[in-house]
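Student: I've got this model open and want to talk through how its pieces pack. Can you take me through it?

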Amino acid sequence: MDVKSAFLNGYLEEEVYVEQPPGYVNNREEHKVYRLRKALYGLKQAPRAWYSRIDSFFLKNGFKRCPYEHTLYTKEAENGNFLIACLYVDDLIFTGNSVIMGNDFKRSMMNEFEMTDMGLLHYFLGIEVKQTNEGIVISQQKYAKDLLKKFKMDKAVPCSTPMEANLKLRIDDESEEVDATLYRSLVGSLMYLTATRPDLMFSISMLSRFMTSPKKSHWEAGKRILRYVVGTIDHGIHYKKFQESILIGYSDSDWGGDADNHKSTSGYVFNVGSGAVSWSSKKQPVVALSTTEAEFIALCVAGCQTLWLRWMLKELKCSQEEGTVLYCDNNSAIALSKNPVFHGRSKHIRIKYHYIRDLVKDGEVVVKHCKTQHQIADIFTKALKTETFVKLKEKLGVTQV
């Protein structure tokens, strides 16, 4: 559903005054101004006023606000039926196990606000959703096509990977500088494409490190990503039907992969049933002194995400009773997460990264070893050769739609 003129529905708590608009000036009181009772587009207070209005409406109608994601609301009836609604500014998607509750919700929304019923979800915030008997597929084909046309790469020759294997990009590259505004536009546009394309995450994350002073080598790396998109424009994530949806995570890290400051890159990915639902590729804030330390830091970051996902799944009526399995390919990091006796080797590691030990101790996370060739998160930590990249991409659920 879509709310028409959403910001005009918000009530202002602050005193805000505006001049009399042209054509509506009172001839006898030209020196006076209007005080606004409701929000207008362009006001800084308008988004908050609209959220306060819709939030109070949901709560008044028996919904419960998710404490971990304040735009997610759930409503549960006494007979076990439930409704889940998610709000993004003026766009609303909802689902549940009761048609009656869904219809009642639509009627109540239309009575309170001027709404448009968009029907079954097929397009949301640039993400295309295809629902079939086999499962659900999400992609961004239209967005990708527009992106390629914007940068005049729609007729480029495709390539098999988004980044050349073992490529090292540097800040102080000796090649000529390029238009920084255009480069930032490219990186920003590509970043939104990662909403359904986790296979692009590492390469785009790498490019985002050179936004201040981009060079020609960085621009060429960006064009290679676009050439990869040309050949995989019809790819998306396929979520297959499963009887039981279990949250499983993979955590990985390289060691000193950044050519400028030798910081490592953490990567994680989580699956529920089939297909990736959460992923990240991010440079670590500290320099790791060993592969064990780099993997341990990556484990902690993945552990925090695990906890948040477990809370979210509980709100979505998909509680995970057992501890979430988090796979790591470094035995030393696994031992460090389970055994606090290894103090001599880990006393220099910042205290916040030892949080993973508490998660393991409390049973929220179960860290297990997996072989490097089965480590899916490897795709988020380094540029891989074609054969390895394609294999891991398929394990992420990224296929032709």
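Tutor: Sure, and keep in mind that it's a predicted model. One definition before we start: axes are lines fitted to C-alpha atoms, for helices over the stretch in contact, and angles run from 0 to 180 degrees between N-to-C directions.

Student: At what angle do α4 and α6 pack?

Tutor: Take α4 as residues 180-193 and α6 as residues 216-231. α4 passes α6 in a left-handed crossing. Their axes sit 11 Å apart, and the packing angle is about 35°.

Student: How many residues of that contact are nonpolar, polar and charged?

Tutor: On the α4 side you'll find Leu182, Tyr183, Leu186, Leu190 and Leu193. Facing them from α6 are His218, Trp219, Gly222, Ile225, Leu226 and Val229. The split is 9 nonpolar, 2 polar and no charged.

Student: Now the sheet: which strands stand at the edges?

Tutor: It's an open, mixed sheet of 5 strands, ordered β15-β14-β13-β16-β17. The twist averages 20° from one strand to the next. An edge strand has a single partner, so one side of it lacks a neighbour in the sheet, and that describes β15 (276-283) and β17 (365-369).

Student: In β16, which residue is the bridge partner of Ile248?

Tutor: β13 (residues 247-253) pairs with β16 (residues 324-328) in the parallel sense, over 3 bridges. For Ile248, the partner in β16 is Val325.

Student: Which strands does α7 touch?

Tutor: α7 covers residues 291-315 and packs on the sheet, its direction making about 160° with that of β13. Another helix, α8 (residues 331-338), lies across β16 and β17. As for α7, it touches β13, β14, β15, β16 and β17.

Technical notes. Residues are numbered from 1 along each chain as its sequence is written. This is a predicted model: local features need pLDDT of at least 70, side-chain atom pairs count only at pLDDT 80 or more; totals for chains, interfaces and linings use all residues. Side-chain values use heavy atoms; hydrogens and water are left out. Helices (H or I, at least four residues) and strands (E, at least two) are DSSP runs, numbered from the N terminus. A crossing is left-handed if the near helix is turned anticlockwise from the far one by less than a right angle, and right-handed if clockwise. Contact means heavy atoms within 4.5 Å. Ala, Val, Leu, Ile, Met, Phe, Trp, Tyr, Cys and Pro count as nonpolar, Asp, Glu, Lys and Arg as charged, and the others, Gly among them, as polar. Two strands pair if DSSP finds at least two bridges between them.
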